[in-house]
Amino acid sequence: MKAIYDIVITNPAEEDLFEIGRYISKELLEPDTARRHISRIADAISTLENRPLRATLINDARLAQVGIRSIIVDHYFIFYIVSEKIKTVTIIRVLNSRRDWQNLL
């Protein structure tokens, strides 16, 4: 199926992904687990090419006002904004669900 939306990953989101992989691989000494997590996150991001509006807006007035949505993969929130006008999904952060993500966005 041809993608309807383009995916753009911001620098902070790229850094988040790098840090997730580094932490699991180096700190927890689980490189195979790190690869699996990053792969599942990447697969979930790619599904947004065709159905980005399936997730509701974040349940936070300030974040919902700017159109932030999220999907969950394992213990990670993938935060993104959809631009219908230019058919783009911008991944803004990928954060562990235990972090204080409301103050990081």
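L29 sits in the loop that joins helix 1 to helix 2. In this predicted model, phi of L29 is near 60 degrees, a positive value in a residue other than glycine. Most residues other than glycine have a negative phi. The side of the question that concerns solvent is settled by area: with 64% relative accessibility, L29 counts as exposed, the cut-off being over 50%. The residue comes just after helix 1, and that helix is a convenient place to go next.

Helix 1 covers residues 11–27. Its 17 residues should span 24 Å at 1.5 Å a residue, and the end C-alpha atoms are 23 Å apart, which agrees. Which residues of helix 1 are buried? They are A13, D16, L17, I20, G21 and I24. Viewed down the axis of helix 1, these buried residues fall within an arc of 125 degrees, so they line one face of the helix. On the face turned away from the buried side are the exposed residues N11, E15, F18 and K26. The cover over the buried residues of helix 1 includes strand 1 (6–9), helix 2 (31–47), strand 3 (76–83) and strand 4 (88–96).

On the other side of the L29 loop, helix 2 also has 17 residues. From first C-alpha to last, helix 2 reaches 25 Å, close to the 24 Å expected at 1.5 Å a residue. Its buried residues are T33, A34, H37, I41, A44 and I45. Seen along the axis of helix 2, they fall within an arc of 110 degrees, so they line one face of that helix. What they pack against is strand 1, helix 1, strand 2, strand 3 and strand 4.

R40 is also part of helix 2. Its relative accessibility is 36%, which is why R40 counts as partly exposed. Setting aside neighbours within four places in sequence, R40 contacts V73 and D74. R40 and D74 are 34 residues apart along the chain, and their C-alpha atoms are separated by 8.4 Å.

The two helices belong to a chain with 4 helices and 4 strands. In sequence order the pattern is β-α-α-α-β-β-β-α.

Where helices and strands meet, the side chains form nonpolar cores. The largest of these has 20 residues, and those with the most contacts inside it are I41, I71, I78, Y80, V89, I91 and V94. At least two residues of this core come from each of helix 1, helix 2, strand 2 (68–73), strand 3 and strand 4. Another core lies apart from it and has 8 residues, among them F77, F79, I92 and W101.

I71 is one of the residues with the most contacts inside the largest core. Which residues does I71 touch, not counting those up to four places away in sequence? The list is A44, L48, R54, A55, Y76, F77, I78 and Y80. A44 is a buried residue of helix 2, and I78 and Y80 are, like I71, among the residues with the most contacts inside the largest core.

Strand 3 and strand 4 are joined by a loop that holds K87. Phi of K87 is near 55 degrees, again a positive value in a residue other than glycine. K87 has 32% relative accessibility and therefore counts as partly exposed, whereas L29, at 64%, counts as exposed.

T90 follows in strand 4. At 24% relative accessibility, T90 counts as partly exposed, since buried means under 20%. Not counting residues up to four places away in sequence, T90 touches V8, T10, F79, Y80 and I81. T90 and M1 are 89 residues apart in sequence and 20 Å apart in space, C-alpha to C-alpha.

Some values describe the chain as a whole. For 105 residues a compact globule would have a radius of gyration near 13 Å; the chain has 14 Å, which agrees. The C-alpha trace spans about 45 × 35 × 20 Å along its principal axes. Of the 105 residues, 39% count as buried. Among contacts between residues at least 6 apart in sequence, 48% join residues at least 24 apart. The accessible surface comes to about 6600 Å², and 53% of it belongs to carbon and sulfur atoms.

Key
Residues are numbered from 1 along each chain as its sequence is written. This is a predicted model: local features need pLDDT of at least 70, side-chain atom pairs count only at pLDDT 80 or more; totals for chains, interfaces and linings use all residues. Side-chain values use heavy atoms; hydrogens and water are left out. The expected span of a helix is 1.5 Å times one less than its number of residues. Buried means under 20% relative accessible area, exposed over 50%, partly exposed in between (1.4 Å probe, protein chains only). The arc is that of the directions from the helix axis to the C-beta atoms. Contact means heavy atoms within 4.5 Å. The radius of gyration is taken over C-alpha atoms; the globule rule is 2.2 Å times the number of residues to the power 0.38. Accessible areas come from the Shrake-Rupley method with a 1.4 Å probe; for residues, only the protein chains shown count as cover. A nonpolar core is a set of buried Ala, Val, Leu, Ile, Met, Phe, Trp, Tyr and Cys residues joined through side-chain atoms within 4.5 Å.
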